[in-house]
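User: Hi! I'm new to reading protein structures and would like to go through one with you. Could you show it to me first?

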Amino acid sequence: VLDAVFSSDGKQIAGVTDQNRVVLWDGESYEKRQTLNSPEAKFDQLRFSFDDDYLMTSRSNGSIAVHLWNVETGNLEAKLDVTGDVHVAMHPTQDEALVTSSQQGAMIWQYFQNIRLPVTDQPLTCGEFTSDGSELVIGSAPPFIDLQGQSDESAATISRTVVQRWRRDELAQVNSVEFSAGRIYQLFLSRDGRALCNVSRDASVFNYNTVTHQLISTIPGHAGQISATRFTSDSKHLITASRDKTISIWNAADGSQLKSLTGHQSAINCFSLAKNDRLLISGAADGQCILWDLETGQPMHQFRPTESSLRHVELNPAGDQVLVLAVDHSLHVYNLTEKVDVDLSFGTEQIEWAEYSPDGTALLILPHVAFHPRGTDQPAAQPAKGGHQILIVPVNGDVMTSIAHRAPIVTARFH
């Protein structure tokens, strides 16, 4: 599934798959209503019209056309030929859409009359209407046409990100603001007129007020891809981990960086935050784990349970024990107080998933042999005698419990 959306009244659900099918379901009974197929084009984006009677399909990259479908009949009602990286935003009260393209700029498409109203021919990457439809905001980055012979990294440092605000009625530009950043990949408008621009090239987030034309806050981001993020329990702080080997703590209100935690020698893949927000355990690609004191920003303890890259770490509710899952499907449990491995007999060496119970007294373990991922055609592994099993393992070493299924297991979680 490449995209899934609700209609505005919540009574319809639409989803698009990598098999180039759009499926419509009833949002209350979950019965399938329509299947839309267009062999000539591929889709990965869906938008309902303002009245929920029509569905627009498009492709974010390598597009050749945008299609409009009648939800009730499943018929194709209109088609707009447009190429490049395409983004579509539906007007909140009128039968029209804002279509932006990296090759053809921006236009208002009045789809029933098949009228195109050009906005700008600048290469654009995204755009949105304001909540009342009176204005639109579009984001772009100038092409690197004058930077031949320079690397993509050099071009990115020179290019400027542009955010423009336009009045819908006269299609007149109201304001244009530039940022020293790369291409905008996502743009969000809040109902009070503020725009949140996610600038992925340099991993920055710009919070920009489209009414006052002022920058509210900037989260400069990391030097590498962000691998994990989480709010603290009071929602006042945002914590991010990155492939650049650092963890950052941000003020969620103004975007200021409060702390940067350094100490890992490899890319950080995952982290877990204690319930009291005072401790954090991080796991990296070289198998190293670091326990951090978030008040001081200093590491408290380091250990390496495996040489394999880590994909999941979790602190128990008491904060004195951590489970570690690696990409080689090995599971490790470590006592942070005594600084020793916890020896638990699982009866299997290959683990797909593990987590603590809400009270921290047991582990739920899904063996890899019993796991069958969603949406795959690969044959499931043959179960051992007794069926596909989920294991409940007490951390104090008591007798383990197993729950058997006849069919392969897709997921298992504690409630």
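User: Which residue in β31 is the bridge partner of V324?

Analyst: Happy to help, and please keep in mind that this is a predicted model. V324 falls within strand β30, which covers residues 321-326. Strands β30 and β31 run antiparallel and are joined by five bridges. In β31, the partner of V324 is H332.

User: Which residue in the turn between β30 and β31 has a positive phi?

Analyst: These two strands form a hairpin, with four residues between them. One residue in that turn has a positive phi of about 70°. That residue is H329.

User: And in β32, what is the bridge partner of N335?

Analyst: Strand β31 also pairs with β32 (residues 340-341), in the antiparallel sense and over two bridges. β31 and β32 form a hairpin too, where K339 in the turn has a positive phi of about 55°. The partner of N335 in β32 is V340.

User: What is the order of the strands in this open sheet, and which are its edge strands?

Analyst: The sheet is open and has four strands, with antiparallel pairing in the order β29-β30-β31-β32. An edge strand pairs on one side only. That description fits β29 (310-315) and β32.

User: Why is β31 said to be largely enclosed by the rest of the structure?

Analyst: A residue is called buried when its relative accessible area is under 20%. Strand β31 spans residues 331-335. It is largely enclosed because the number of its five residues that are buried is four.

User: How many salt bridges does the structure hold, and how far apart in sequence are the parts that R33 and E72 tie together?

Analyst: The structure holds nine salt bridges. In one of them, the closest N and O atoms of R33 and E72 are 3.2 Å apart. R33 lies in strand β4 (residues 32-37) and E72 in the loop between β7 and β8, so the parts they tie together are separated in sequence by 39 residues.

User: Is E72 buried or exposed?

Analyst: The cut-off for exposed is a relative accessible area over 50%. Its partner R33 counts as partly exposed, at 35%. E72 has a relative accessible area of 58%, so this residue is exposed.

User: Are R168 and E96 buried or exposed?

Analyst: Their side chains meet in a salt bridge, at 2.7 Å from N to O. R168 lies in the loop between β15 and β16 and E96 in the loop between β9 and β10, so this pair ties together parts 72 residues apart in sequence. R168 has a relative accessible area of 8% and E96 one of 2%, so both residues are buried.

User: Which residue meets the side chain of R278 in a salt bridge?

Analyst: The N to O distance in this salt bridge is 3.8 Å. R278 lies in the loop between β25 and β26, and the partner lies in the loop between β27 and β28, so the pair ties together parts 17 residues apart in sequence. The partner is exposed, with a relative accessible area of 56%. That partner is E295.

User: What is the mean pLDDT of the protein, and where does pLDDT stay under 50?

Analyst: Where pLDDT is low, the predicted coordinates should not be read in detail. The mean for the protein is 82, and 79% of its residues reach 70 or more. Stretches where pLDDT stays under 50 include residues 143-159 and residues 374-381.

Note on methods
Residues numbered from 1 in each chain as written. Predicted model: local features only at pLDDT ≥ 70, side-chain atom pairs only at ≥ 80, totals over all residues. Heavy atoms only, no water. Buried < 20%, exposed > 50% of the residue type's maximum accessible area, 1.4 Å probe, protein only. Pairing = 2+ DSSP bridges. pLDDT = per-residue confidence, 0-100. Contact = heavy atoms within 4.5 Å. Salt bridge = Lys/Arg side-chain N within 4 Å of Asp/Glu carboxyl O.
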